Amino acid sequence: MFESASDPPGSGSSSCLTMADLIEVGIIVLTEDGCIALWNEWIARRTGVAPASATGRRLHELFPGQVSQALLVAIDECLNHGRSRSLSASLHRAPLPLRSAFGDAADPPEHGILVRSVKRAERPRRCLIQITDVSSAAARERALREQVRAKQAAVARLTGLLESSMDGILQLHSDGTILSANRAAERLFGRVPGGLNGQPLVSLIPSLACVHGSDMVATIRSLIGRRQEHLAWRADGSVFPSELSVSEIGGDAVHRFSAFVRDISQRKMFERELEDNNARLAQQTHALAAVADRLERSLRQAEHMRVQAETANQTKTNFLAMMSHELRTPLNAILGFAEMIENRIFGDKDADIYATYGQYIRKSGAHLLSLVNDLLDLAKIEAGKMTIRRDPIDIRYLGLACLALMQGQAREREVELVAMLPESLAPLLADERLVKQMMLNLLSNAIKFTLPRGRVVLGAEVDMHGATTVTVHDSGVGMNAEDLARALEPFGQANDLLVRHHQGTGLGLPLVRSLMELHGGELDIRTAPGQGTTARLRFPPNQVVAVQRVAG
């Protein structure tokens, strides 16, 4: 084809021209002097210049001022020096005023231009210009470049985001090897840039080796979607608490992961401070609760003491009222009978009646003396000045003597007195006067609160433990627990109507209990309303044993 192009115009082969016209590539052949020898139909369509009009003319003559300088330089080098050159319309301005395939000159296509030297045998050198429409390829290239630029921009943005993150971010291989790390991770672990690449993650966080052993894939997968706390190691050997989480990176057959590491030293410090503050708060709360408890106990104690003081004050007031009555009654009797004797109101005819009045005076004086003795004894006991004299005494003899003294009062009340005092009782080491006083007080109470035709029993025995027990049992009215507690308090008396109609100071039972405590024993009272009362004086065994040694 190009050989025929060397022939003079009009003498070429029609078959060769037809072949050049059929291909979709622009073909221009220039002679050694730059004249157009071949101008195919593709060029004719794109320039609007027919082959006949172009043949024999130079390019700059056809298109004055429109041929690019790059093309002219390439033609000159080709014809004069035999050099070939490739031009791109995307890098240089269009070499010729070419239209698009649709004849649109306003939107010129992009072309690839090849300028090549052609020389055969001894014929003159010619220049072959091949022009190819590369608009589609260029469009694809531009699109690809846009995609590359977009991806590069996205990578740049992601890289900036990763580098600006305060958390360490590691890209991991499935075997746990670090592929890359952001600067925060390198600072976190004290490494130089790139110093973490190729390092196993377990060298930074050794505790991961305990999760699934050598199966690092399973270990890393177990961290996906979870936040775990681990101790991490820096390059200088220091340790810091870290929070680790992992996500999987998809997109290829190789499993890769992203690990996010955060230094939680500050948070741990705050947590410890919070725990310490909570502990101090709990201690302070406990201390305040203890203070509040002590204050409440003090208030209750103060209230109890106030009630006790008021009760004691009321009791003493009641006692003074009763005592004034108890003292006035025998004093009035003494004064009245003494005045009757002094004035001999019955004359001298009935002298025996004056003797009876003398007995009344003696009994009233004895009763008054008993009241005074009880008051003095109770006052000594409360002051801690009461002393006892321990001598061997015969309980049976002393009990019978007390029953004899109480016979008159028992007859007046129509109460039977019964003695159950065995002769084999061992002597007791005690204060005889005080033991007698206790027996008389118990017998007096028993007779006083026993209804007519009732009975009072005085007994004594040595129990299996060697303790001597003196018992006074009556078939009287009895008391409930509340009345018994009140009767055992100084100046107290039971509230029962059957009890209150009897006169008394309320000193009997408290005095007996105090005297028994001085002896190291105890007073035990068992009673119930309507079932009588049993009072027991229990002396400790060592007193009997000591007396037996003295007697022996």
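Trainee: Which residue follows α18, and what is the sign of its phi?

Mentor: Gly520 follows α18, and its phi is positive, near 80 degrees. Bear in mind that this is a predicted model.

Trainee: What makes helix α18 mostly covered?

Mentor: Buried means under 20% relative accessible area. Eight of the eleven residues in α18 (residues 508-518) are buried, so they fall under that cut-off. They are Gly508, Leu509, Pro510, Leu511, Val512, Ser514, Leu515 and Met516.

Trainee: Why are β6 and β10 called paired strands?

Mentor: Two strands pair if there are at least two bridges between them. Six bridges join β6 (residues 168-173) to β10 (residues 256-263), so the condition is met. The two strands run antiparallel. In one of the bridges, Ile169 has Phe260 of β10 as its partner.

Trainee: What makes β7 and β8 edge strands?

Mentor: Each of them pairs on one side only. The open sheet has five strands in the order β7-β6-β10-β9-β8, with antiparallel pairing. From one strand to the next, the twist averages 35 degrees.

Trainee: Which residues touch the most other members of the largest nonpolar core?

Mentor: Ile395, Val435 and Leu537 do, in a core of 45 residues. Helix α15 (residues 432-448) gives the most to this core, with eight residues.

Trainee: How do you know that Ile395 is in contact with Leu425?

Mentor: Contact means heavy atoms within 4.5 Å. Ile395 is in contact with Leu425, so the two have heavy atoms within that distance. Leaving aside neighbours within four places in sequence, the contacts of Ile395 also include Leu428, Val435, Met439, Ala460 and Val470.

Notes: Residues are numbered from 1 along each chain as its sequence is written. This is a predicted model: local features need pLDDT of at least 70, side-chain atom pairs count only at pLDDT 80 or more; totals for chains, interfaces and linings use all residues. Side-chain values use heavy atoms; hydrogens and water are left out. Helices (H or I, at least four residues) and strands (E, at least two) are DSSP runs, numbered from the N terminus. Axes are lines fitted to C-alpha atoms, for helices over the stretch in contact, and angles run from 0 to 180 degrees between N-to-C directions. A nonpolar core is a set of buried Ala, Val, Leu, Ile, Met, Phe, Trp, Tyr and Cys residues joined through side-chain atoms within 4.5 Å. Buried means under 20% relative accessible area, exposed over 50%, partly exposed in between (1.4 Å probe, protein chains only).
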